[in-house]
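Grab a pencil and work through these exercises with the structure open beside you. Try each task yourself before you read its solution.

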Amino acid sequence: MIERRTFRAMGTEMELLVDADGAAEALDSAFDGAEAEFHRLEALLSRFREDSELSRLNRDGAIDAGPDLLRVVALALDARERTRGRFDPTVHDALVAAGYDRSFEDIAPESHVRCQAPDVSAGGVSIEGTRIVLEPGVRLDLGGIGKGYAAERAAELLALAGPCLVNAGGDVATRGGAWPVGVETTGDPLTLELRGAALATSGRDRRRWRRGGRELHHLIDPRTGAPAETDLLRVTVVAPDAVEAEVAAKALFLAGAGAARAEADEAGIPAVLVTERETALAGGLA
Amino acid sequence: MASHTGRLYTLALGLVVFFLAWAVVAAHPWGATVSDPRLKQLAAREAQLRRQARLVNRIVALRWAAYRSALKARQAQIVAAKAQASQLAAVSSVSAPSGGVRVVTLPPLTITRTS
């Protein structure tokens, strides 16, 4: 019997599914624990909350961080290294310059103000023990990777009630069981069955707005400091965990359809690549 | 002559004993601790500290017992969670030997969209 709970957190819709056969009390407790974990991590990692640990880091340039912020920043820096800069947490100012300077629900869909991409280069971030230090002018955005991290942490708590799936607005983490997950395509509906795997989708079909007559979206290309220009509409990637899936989806999205397909095939990363005209399966998916 | 000298010695010894007794009585060491107000305060303070120490020890003992009981319960929870997690991992590894994903025609339980 699949039990479900939905709620809003981190600026998106969260969905918790549990294949439960235990006591209702234990299930409620697991749902409450997982939901609370999302709110707890949002309070730490949101760049839109003045009092979050991330906002304090961005404001002060250096802080003694708690274990969650330390872990997410370390994961983000590792991802920047592995993707050779295609994933970069230091695009904060580029996102703000593009108009994504507040929670997405509060962004005006259209404005005549023109946006200027800032000069970008991989900003210096260092971790010394529990201290995170940013170079002057560097600020972090941990939106996507933070959601993947939160999905994994919530799944750990939810798994106490049974096999489960956590869908954090597109970042999906699972524990146990087999979970059919629908993927939006340009053609026929596609369903992927996940077993002990995670999945994430990145794209420019949502979180869009217009500035000065230009269509903008939230996926910044760190090489240009502007919203990425790519023939891909969205990319869905399957990986061992949601953080890995989120990073790979973003990196493949920036690569463009042709390069993304070759890269996914070569690295064996199961991926669904969606353009305006077609949907391609790569990395061993068939 | 000898009797005269003996009397003198006896008189001198009597005077020494008399003055010694006087000095001892004048010093009245048995009443000093009671009559000095500072010593009284110190004694009262010591008694108060002893009472407080007994109270603190009792509180610490109670909290220690509560902590040990909570620790025991938490350790039991952790053991149960680990057992459940390893059971889930065992189920996953048995049922998903080939990388964990395949395309199916089942209706989806959830949908992934751009995050």
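**Exercise 1.** Find the exposed residues on the face of helix 1 of chain A that is turned away from its buried side. Then work out how the buried residues are arranged around the helix axis.

*Solution.* Keep in mind that you're looking at a predicted model.

- Step 1: The face turned away from the buried side carries the exposed residues A:A24, A:E25 and A:D32.
- Step 2: Now list the buried residues of helix 1 of chain A: A:L27, A:A30, A:F31, A:A34, A:E37, A:F38, A:L41, A:L44 and A:L45.
- Step 3: Look down the axis of helix 1 of chain A: its buried residues fall within an arc of 160°, so they line one face of the helix.
- Step 4: Here's the rule behind that kind of pattern: an α-helix has 3.6 residues a turn, so residues three or four places apart point the same way.
- Step 5: What do the buried residues of helix 1 of chain A pack against? Their partners in chain A are strand 1 (2-9), strand 2, helix 2 (53-60), helix 3 (67-82), helix 5 and strand 7.

**Exercise 2.** Check the end-to-end distance of helix 1 (residues 24-45) of chain A against its expected span.

*Solution.* Helix 1 of chain A has 22 residues, and at 1.5 Å a residue they should span 32 Å. The expected span uses one less than the number of residues, because that is how it is defined. The end C-alpha atoms of the helix are 31 Å apart, which agrees.

**Exercise 3.** Which side chains of strand 6 (residues 131-134) of chain A are buried, and which are not? Add the strands that pair with strand 6.

*Solution.*

- Step 1: The side chains alternate along strand 6 of chain A. A:I132 and A:L134 point to one face and are buried, while A:R131 and A:V133 point to the other and are not.
- Step 2: Strand 3 (residues 62-64) of chain A pairs with strand 6 of chain A in the antiparallel sense, over 3 bridges. Here A:I63 has A:I132 as its bridge partner.
- Step 3: Strand 5 (residues 125-128) of chain A is also antiparallel to strand 6 of chain A, with 4 bridges. In this pair, A:S126 is matched with its bridge partner A:V133.
- Step 4: Strands 5 and 6 of chain A form a hairpin with 2 residues between the strands, and A:G129 takes a positive phi near 65° there.

**Exercise 4.** Describe chain B, then trace the sheet that its strands share with chain A.

*Solution.*

- Step 1: Chain B has 3 helices and 2 strands, and from the N terminus its elements run α-α-α-β-β. Of its 115 residues, 5% are buried.
- Step 2: The open sheet has 4 strands in the order 1(B)-10(A)-9(A)-2(B), with mixed pairing. Its edges are strand 1 (101-104) and strand 2 (110-112) of chain B, each pairing on one side only. Ignoring direction, neighbouring strands of this sheet are turned by 40° against each other on average.
- Step 3: At one edge, strand 10 of chain A and strand 1 of chain B are antiparallel, with 4 bridges. A:T191 stands opposite B:V104 here.
- Step 4: At the other edge, strand 9 (residues 178-183) of chain A and strand 2 of chain B run parallel and are joined by 3 bridges. A:V181 has B:T110 as its bridge partner.

**Exercise 5.** How many residues does each chain bring to the contact?

*Solution.* Chain A gives 46 residues and chain B gives 24. On the side of chain A that touches chain B, 22 residues are nonpolar, 13 polar and 11 charged.

Technical notes: Residues numbered from 1 in each chain as written. Chains lettered and ligands numbered in written order. Predicted model: local features only at pLDDT ≥ 70, side-chain atom pairs only at ≥ 80, totals over all residues. Buried ≥ 20, exposed ≤ 12 C-beta atoms within 10 Å, placed from the backbone. Pairing = 2+ DSSP bridges. Axes fitted to C-alpha atoms, helices over the stretch in contact; angles between N-to-C directions. Contact = placed C-beta atoms within 7 Å. Nonpolar A, V, L, I, M, F, W, Y, C, P; charged D, E, K, R; others polar. Arc of directions from axis to C-beta.
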